[in-house]
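Subject: Structure handover

Hello,

I am passing on the structure we discussed. Please find it below, followed by my notes.

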Amino acid sequence: MRAVASSLGVAVVLGAAVLAYDLTAPSADAQGRAVVGFLYVLGVLVAGSLLTWLAVPLPRGSGARAVRTPWSAALGLFAAIPIAYLVLIVAFQVIKPLLT
């Protein structure tokens, strides 16, 4: 749940920025839109992985120290991939037609 929530939060914020860019620069060329889309996906993947790594430590057992492993970051990465796609679909297929 924490992996999905952290990735969704980042995807919504960055998706709103991408939608605002698309609405304010309608004459932007395909290369500019591709760069913005690439940065969006990269930002969601990296931030989702990092936030999940910070939020999901391994169970502690009897120790007092929280242990984080690369598996937590991988969990965030795998959760961020479909979330990034779904947020863009909602932004451009549902919200953008309502605003234009």
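The notes cover a salt-bridge network and one helix packing. Please keep in mind that this is a predicted model.

Salt bridges

The count comes to two salt bridges. In one, the side chains of D22 and R33 meet, with N to O at 3.3 Å. This pair links distant parts of the chain, with D22 in helix α1 (residues 2–24) and R33 in helix α2, 11 residues apart. The other joins K96 to D22, and here the closest N and O atoms are 2.4 Å apart. K96 sits in helix α3 and D22 in helix α1, 74 residues apart. D22, R33 and K96 are thus linked in a network of salt bridges.

On accessibility, D22 has a relative accessible area of 7% and is therefore buried, the cut-off being under 20%. R33 is partly exposed at 36%, and K96 also counts as partly exposed, at 24% relative accessibility.

Packing of α2 and α3

Helix α2 (residues 30–55) packs on helix α3 (residues 70–99) at an angle of about 140°, and their axes are 7 Å apart. That angle makes α2 oblique to α3, because only angles over 145 degrees count as roughly antiparallel. The crossing of α2 past α3 is right-handed.

On the α2 side, the contact is made by Y40, V44, L45, G48, S49, T52 and W53. The α3 side includes S72, A73, L75, G76 and L77, and further along A80, I81, A84, V87 and L88. By class, this contact has 12 nonpolar and five polar residues, with no charged ones.

Regards

Technical notes. Residues are numbered from 1 along each chain as its sequence is written. This is a predicted model: local features need pLDDT of at least 70, side-chain atom pairs count only at pLDDT 80 or more; totals for chains, interfaces and linings use all residues. Side-chain values use heavy atoms; hydrogens and water are left out. Axes are lines fitted to C-alpha atoms, for helices over the stretch in contact, and angles run from 0 to 180 degrees between N-to-C directions. Helices (H or I, at least four residues) and strands (E, at least two) are DSSP runs, numbered from the N terminus. Angles under 35 degrees count as roughly parallel, over 145 as roughly antiparallel, 65 to 115 as roughly perpendicular and the rest as oblique. A crossing is left-handed if the near helix is turned anticlockwise from the far one by less than a right angle, and right-handed if clockwise. Contact means heavy atoms within 4.5 Å. Ala, Val, Leu, Ile, Met, Phe, Trp, Tyr, Cys and Pro count as nonpolar, Asp, Glu, Lys and Arg as charged, and the others, Gly among them, as polar. A salt bridge is a side-chain nitrogen of Lys or Arg within 4 Å of a carboxyl oxygen of Asp or Glu. Buried means under 20% relative accessible area, exposed over 50%, partly exposed in between (1.4 Å probe, protein chains only).
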